[in-house]
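Subject: The two-chain model, with notes

Hi there,

Here is the structure I promised to pass on. Please open it first, and then read my notes below alongside it.

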Amino acid sequence: MERLDDLLAGHPFFAGMSPELRALIAGCARNHRFDAGQYLFRESGSADEFFVLRHGRVALELAQPGRAPVVFETLGEGEIVGASWLVPPYRWNYDARAATLVRAVGIDAACLRGKCEADHHLGYEMMKRFVPILVQRLHATQLQILDIYGNR
Amino acid sequence: METAEAAAAAPGQIADMARIAAAAAAADPFLPRVYRVRQARRELGDTVTLELQPESGAAPAFAPGQFNMLYRHGVGETAISISGASEDGAGFLHTVRKVGAVSAALAGLEPGAAVGVRGPFGSGWPLAAAEGADVVVVAGGLGLAPLRPAIRHLLARRERYGRVAILFGARHPRELLFRQELERWRARLDVDVMVTVDHADASWHGSVGVVTPLIRRAAFDPHETHALVCGPEVMMRFAAGALCDAGVPQSRIHLSMERNMKCAIGLCGHCQFGPAFVCKDGPVMRYDRIAGLLAVREI
């Protein structure tokens with residue numbers, strides 16, 4: 001458990017978080033390794049875990065019938081994969097594929113949600129860290145929708 | 001020039017006419033000088049790099065970031081950034097994407113064709129001011145073209161600068177401009193090159209997403225950094241915002257603006273941008289001087 005706590009302590013997402021709160025989160029954590037091509041999760045699967053990326057690149061993709069899947073974002077070291085665990089019905093809306101060897105810490109969503117309900121200070125800390133990520137991704141999506149590099 | 005008079009003239013007379021035209025062009029910024037297409041290189045499906053060489057004499061010197069007015073006879077004239085000097089230094093490189101009648105006519109030119117050239121015009125990238133500092137180059141799509149001379153300058157004088165990061169965003173892996181040159185830059189050990197695309201399939205192993213998040217991933221000292229940004233204006237607004245968020249002073253963020261340039265010398269007013277004219281006061285402009293104007297739709 002100490003080692004997982006250390007791993008979280010070195011990740012930008014947890015920068016500035018008190019050791020006590022981080023230890024609570026580490027209690028819901030486990031280590032993962034995904035080889036290139038393996039999926040962290042698949043669309044419509046249960047969002048029962050999110051991932052703190054330590055190494056490698058993850059491709060977020062959407063499958064289309066009769067076509068190759070489209071990669072709409074890649075995430076790398078220092079970033080977080082998955083936000084659907086925050087919002088009912090806790091289902092993934094896309095696939096997450098390891099584009100390279102990936103090392104990550106997985107956080108059990110039900111475990112962490114339970115701790116956040118019991119300790120709203122922890123819950124607020126998590127929200128303060130997740131909301132900027134969601135806003136940044138929303139802005140990035142707006143730029144992608146504009147298709148700014150196209151001919152117009 | 002492919003006029004009836006020129007076609008009927010003897011070679012010596014043509015050379016004399018070209019010399020006279022060159023001298024007149026130097027005196028009159030409205031008079032195009034005749035250049036010939038030496039080479040046309042297809043970069044992407046709709047984008048071509050033309051190597052233009054003056055019919056006589058040498059091409060004038062230019063500063064990275066400046067533009068020329070290119071005139072296709074019988075079609076019209078448009079402002080095109082200089083994307084480099086030709087290898088022998090005798091001419092200009094212009095990278096042209098087909099988006100309208102004039103650019104389509106230019107992009108369709110074959111070697112030997114005549115083009116009228118006025119310029120170079122406008123302001124350049126602050127490469128001398130950036131010496132001793134880190135430099136972050138942020139390019140989107142065809143915006144890499146006006147930045148290429150600046151990147152070549154930085155890399156040719158690498159010892160004069162701190163860390164150099166080149167961040168490039170494109171629509172799709174098929175639409176990466178100057179791909180071979182990008183790969184050469186990336187192979188160097190003294191420059192940080194990051195490339196991202198908006199969309200890709202699984203065969204692309206690089207980054208997917210917009211260019212602005214790359215700013216957070218790049219290594220530079222924000223208080224000692226000059227940023228050079230060129231791309232679609234929406235991208236530049238977001239990139240400038242991300243650079244400010246990272247701590248880069250607004251006065252050290254430089255954007256290459258694009259407006260409807262016609263006369264290129266600040267007389268006609270077509271490219272007016274608030275109190276400035278993009279052709280004369282730009283195209284490279286300091287963000288602190290234009291940040292308030294970028295959000296005004298009417299401008």
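Let me start with B:Thr95, which counts as buried because its relative accessibility is 5% (buried means under 20% relative accessible area, exposed over 50%, and partly exposed in between, with a 1.4 Å probe and protein chains only). Before going further, a word on conventions: this is a predicted model, in which local features need pLDDT of at least 70 and side-chain atom pairs count only at pLDDT 80 or more, while totals for chains, interfaces and linings use all residues. Residues are numbered from 1 along each chain as its sequence is written, chains are lettered from A and ligands numbered from 1 in the order in which they are written, and side-chain values use heavy atoms, with hydrogens and water left out.

**Around B:Thr95**

B:Thr95 sits in strand S5 (residues 92-97) of chain B; helices (H or I, at least four residues) and strands (E, at least two) are DSSP runs, numbered from the N terminus. What does its side chain pair with? There is a polar contact with the side chain of B:Thr49 at 2.8 Å, and another of 2.9 Å with the side chain of B:Ser83. A polar contact here is a pair of N or O atoms within 3.5 Å; within protein, one must be able to donate a hydrogen and the other to accept it, and residues adjacent in sequence count only if both atoms are side-chain atoms. Leaving out residues up to four places away in sequence, B:Thr95 also touches several others, among them B:Glu43, B:Ile80, B:Leu142 and B:Phe178 (contact means heavy atoms within 4.5 Å).

**Chain B as a whole**

The mean pLDDT of chain B is 89, and 90% of its residues reach 70 or more; pLDDT is the predictor's confidence in each residue, from 0 to 100. Please treat the start of the chain with care: over residues 1-9 of chain B, pLDDT stays under 50, and the model has 12 contacts beyond four places in sequence for them.

The domain assignment splits chain B into domain 1 (4-121) and domain 2 (134-294), with bounds that come from an automatic or database domain assignment. Their centres, taken over C-alpha atoms, are 25 Å apart. Domain 1 of chain B gives 24 residues to the contact between them, and domain 2 of chain B gives 22.

**The cores**

The largest nonpolar core has 43 residues, and those with the most contacts inside it include B:Val138, B:Leu167, B:Met235 and B:Leu255. By nonpolar core I mean a set of buried Ala, Val, Leu, Ile, Met, Phe, Trp, Tyr and Cys residues joined through side-chain atoms within 4.5 Å. Helix H7 (residues 233-245) of chain B supplies the largest share, 6 residues, and each of the two domains of chain B contributes at least three. Beyond its neighbours within four places in sequence, B:Leu255 is in contact with residues including B:Trp125, B:Val229, B:Pro283 and B:Leu294. A second, separate core of 41 residues includes A:Ala29, A:Phe41, A:Leu53 and A:Leu122.

**Two helices with a buried side**

In helix H9 (residues 287-294) of chain B, the residues B:Tyr287, B:Ile290, B:Leu293 and B:Leu294 are buried. They lie on the same side of H9(B), because they cover an arc of only 125° around the axis; the arc is that of the directions from the helix axis to the C-beta atoms. Their cover includes H7 and strand S12 (253-256) of chain B.

Helix H3 (residues 109-118) of chain A has A:Ala109, A:Leu112 and A:Cys116 as its buried residues. Their arc is only 70°, so they too share the same side of H3(A), while A:Ala110, A:Glu117 and A:Ala118 are exposed on the other side. A:Asp108 caps the N-terminal end of H3(A), with a side-chain oxygen 3.2 Å from the backbone nitrogen of A:Ala110.

**Backbone points to check by eye**

Most residues other than glycine have a negative phi, and most peptide bonds are trans. A cis peptide bond joins A:Pro88 and A:Pro89, with omega about 10°, and the bond from B:Gly282 to B:Pro283 is cis as well, with omega near 5°. A:Tyr90, though not a glycine, has a positive phi of about 60°, and is partly exposed at 24% relative accessible area.

Best wishes
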